[in-house]
Amino acid sequence: MRPSLCISALLGGDIYSALRDRSAKAKSRFSKERDEDRALKERQRCLTKLQEQMDIPAEVLAALPSLDQIAAKAAAAKAKAEAVLNAIH
């Protein structure tokens, strides 16, 4: 028979405490505020890089939504999320 192993002992203590610490550290890695301008610039940079690397025709990129369309969609999604949160509280 194999001796039973205690996971808490293997992980050096309270497993729930370790998970809480891990969760707190993960939350701090991500920005609490969204920088929409930065996100849009990053999308543009990525699209340009993809176009160069994958030889994507300019017509395909031209068919993608404009920055204004993306911003409008993001604003609509934000408003919808806020409405849901307000309904919950």
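**View 1. One salt bridge turns up in a search of the whole structure.** This is a predicted model, and its salt bridge joins Glu 42 to Arg 45. The closest N and O atoms of the pair sit 2.7 Å apart. Both residues belong to helix 3, and they are three residues apart, about one turn of the helix. How buried or exposed is Glu 42? With a relative accessible area of 37%, Glu 42 is partly exposed. Arg 45 is partly exposed too, and its relative accessible area is 45%. Both values fall between the 20% limit for buried and the 50% limit for exposed.

**View 2. Here is helix 3 from end to end, covering residues 36-54.** Its 19 residues, at 1.5 Å a residue, should span 27 Å. In the model, the end C-alpha atoms of helix 3 are 26 Å apart, which agrees with that expected span. Met 54 is part of this helix, and right after the helix comes Asp 55.

**View 3. A nonpolar patch on the surface brings together Leu 47, Leu 50, Met 54 and Leu 64.** Together these four residues have about 340 Å² of accessible area. Take Met 54, one of the patch members, which lies in helix 3. Why does Met 54 count as exposed? Its relative accessibility is 56%, and exposed means over 50%, so Met 54 makes the cut.

**View 4. Asp 55 follows helix 3 and has a positive phi.** What is the phi of Asp 55? The angle is near 55°, a positive value in a residue other than glycine. Asp 55 has its place in the loop between helix 3 and helix 4, the latter being residues 58-62. This aspartate is exposed, with 67% relative accessible area.

**View 5. Ala 58 sits in helix 4, and this view pairs Ala 58 with Thr 48.** Along the sequence, Ala 58 and Thr 48 are 10 residues apart. How far apart are Ala 58 and Thr 48 in space? From C-alpha to C-alpha, the distance is 10.0 Å. As for its surroundings, Ala 58 is partly exposed, at a relative accessible area of 48%.

**View 6. Stepping back, the protein has five helices and zero strands.** Reading along the sequence gives the pattern α-α-α-α-α. Of the 89 residues, 1% count as buried. The protein exposes about 8500 Å², and carbon and sulfur atoms supply 58% of that.

**View 7. Confidence varies from helix to helix, with helix 1 lowest and helix 5 highest.** For the protein, the mean pLDDT is 80, and 78% of the residues reach 70 or more. Where is confidence lowest? That would be helix 1, residues 7-10, where the mean is 62. Helix 5, residues 67-88, is where confidence is highest, at 91.

Conventions: Residues are numbered from 1 along each chain as its sequence is written. This is a predicted model: local features need pLDDT of at least 70, side-chain atom pairs count only at pLDDT 80 or more; totals for chains, interfaces and linings use all residues. Side-chain values use heavy atoms; hydrogens and water are left out. Patches are made of residues with over 30% relative accessible area and no salt bridge: like charges are joined within 9 Å, nonpolar side chains (Val, Leu, Ile, Met, Phe, Trp, Tyr) within 5 Å. Accessible areas come from the Shrake-Rupley method with a 1.4 Å probe; for residues, only the protein chains shown count as cover. A salt bridge is a side-chain nitrogen of Lys or Arg within 4 Å of a carboxyl oxygen of Asp or Glu. Helices (H or I, at least four residues) and strands (E, at least two) are DSSP runs, numbered from the N terminus. Buried means under 20% relative accessible area, exposed over 50%, partly exposed in between (1.4 Å probe, protein chains only). The expected span of a helix is 1.5 Å times one less than its number of residues. pLDDT is the predictor's confidence in each residue, from 0 to 100.
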